[in-house]
Amino acid sequence: MAVPSPSTEHTADSSVFRAALRREKLAARMALEEKARLALAARIEAHLAQLLMPLAPQTLAFCAPVRGEFDAQPLATLLIERGWRAAMPIVEAPEAPMSFRTWTPATAMSTDRHGIPVPTGGELVTPDIVLLPLVAFDTRGFRLGYGGGYFDRTLATLVPRPFSIGVGFELARVADIRPQAHDLRLDVVITETGIVRHT
Ligand SMILES: Nc1nc2c(c(=O)[nH]1)N(C=O)[C@@H](CNc1ccc(C(=O)N[C@@H](CCC(=O)O)C(=O)O)cc1)CN2
Ligand SMILES: Nc1ncnc2c1ncn2[C@@H]1O[C@H](COP(=O)(O)OP(=O)(O)OP(=O)(O)O)[C@@H](O)[C@H]1O
């Protein structure tokens with residue numbers, strides 16, 4: 001059976017398209033050589049620092065990196081030293097919004113149901129700013145993740161909604177991820193080439 005090509009073909013079923021896009025972009029990221037990935041990550045970190053460092057200290061949520069994602073821990077550590085609070089999302093149940101627990105470099109970690117490191121304990125907090133890892137993103141600022149719908153479900157419940165920053169590599173960019181009704185637009189996307197604001 002022919003596999004739909006996310007780059008060229010418009011299938012009627014956008015969930016098939018999204019699943020194929022997810023596979024393609026995840027494979028492209030995982031195919032990056034470690035050295036090349038770290039060079040791109042350093043550029044992302046510089047853009048992110050340029051955006052965040054001038055701000056007054058607040059609560060920043062980010063994910064422990066898996067599968068070749070950008071690692072925000074060094075920058076989060078620097079921000080903590082400047083008075084910020086850092087937090088990580090916790091998947092409590094598959095269909096439920098995530099909660100957020102404080103994180104520092106000293107925080108004891110366990111592994112969640114998806115194999116992602118998360119704080120074992122820690123205070124529950126509501127983030128002001130959230131870094132969202134991107135599997136794919138489009139020119140309007142819509143994001144594709146691993147397919148759990150966790151961030152859409154979580155951000156939809158938070159009032160005021162945290163400022164959302166998508167973080168990923170340029171290789172994740174597409175024209176249109178074919179967003180579904182529940183998909184939220186990112187306020188900002190940061191890649192190695194810079195910062196794009198969508199709000
Ligand atoms: N590092 C990191 N942590 C994160 C996220 C993330 O994107 N990156 N998340 C961002 O939301 C949440 C976890 N989201 C996840 C969603 C799905 C799967 C997963 O394993 N999905 C299956 C396929 C599911 C499907 O296609 O229906 C898989 O990949 O095999 C893993 C994590 C919270 N923590
Ligand atoms: N606000 C919401 N309320 C209820 N269900 C939702 C909501 N947001 C997403 N979902 C459900 O979650 C599932 C996966 O959504 P989607 O493909 O957008 O995931 P994703 O954004 O790639 O995943 P993740 O955020 O976990 O990385 C979909 O079946 C969708 O119906």
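Hi everyone, let's start with V167: beyond its neighbours within four places in sequence, V167 is in contact with I44, L48, F70, L131, L132, P133, L134 and I190, contact being C-beta atoms, placed from the backbone, within 7 Å. A word on the source: this is a predicted model, where local features need pLDDT of at least 70, side-chain atom pairs count only at pLDDT 80 or more, and totals for chains, interfaces and linings use all residues. Residues are numbered from 1 along each chain as its sequence is written, while chains are lettered from A and ligands numbered from 1 in the order written.

V167 also belongs to the largest nonpolar core, which has 44 residues; F62, I165 and V167 touch the most other members. Such a core joins buried Ala, Val, Leu, Ile, Met, Phe, Trp, Tyr and Cys residues through C-beta atoms within 7 Å, and buried means 20 or more other C-beta atoms within 10 Å of a residue's own.

Now, the sheet. Seven strands form an open sheet, ordered β3-β2-β1-β6-β9-β11-β12, with mixed pairing; strands are DSSP runs of E, at least two residues, and helices are runs of H or I, at least four, numbered from the N terminus. Pairing takes at least two DSSP bridges. Why do β3 and β12 each have one side without a neighbour in the sheet? They stand at the edges with a single partner strand each, so one side is left free of a neighbour there.

Further in, β1 (residues 59-61) and β6 (residues 129-133) pair in the parallel sense over two bridges, and A61 sits opposite V130 in β6. Thanks, everyone!

Terms used:
Buried ≥ 20, exposed ≤ 12 C-beta atoms within 10 Å, placed from the backbone. Contact = placed C-beta atoms within 7 Å.
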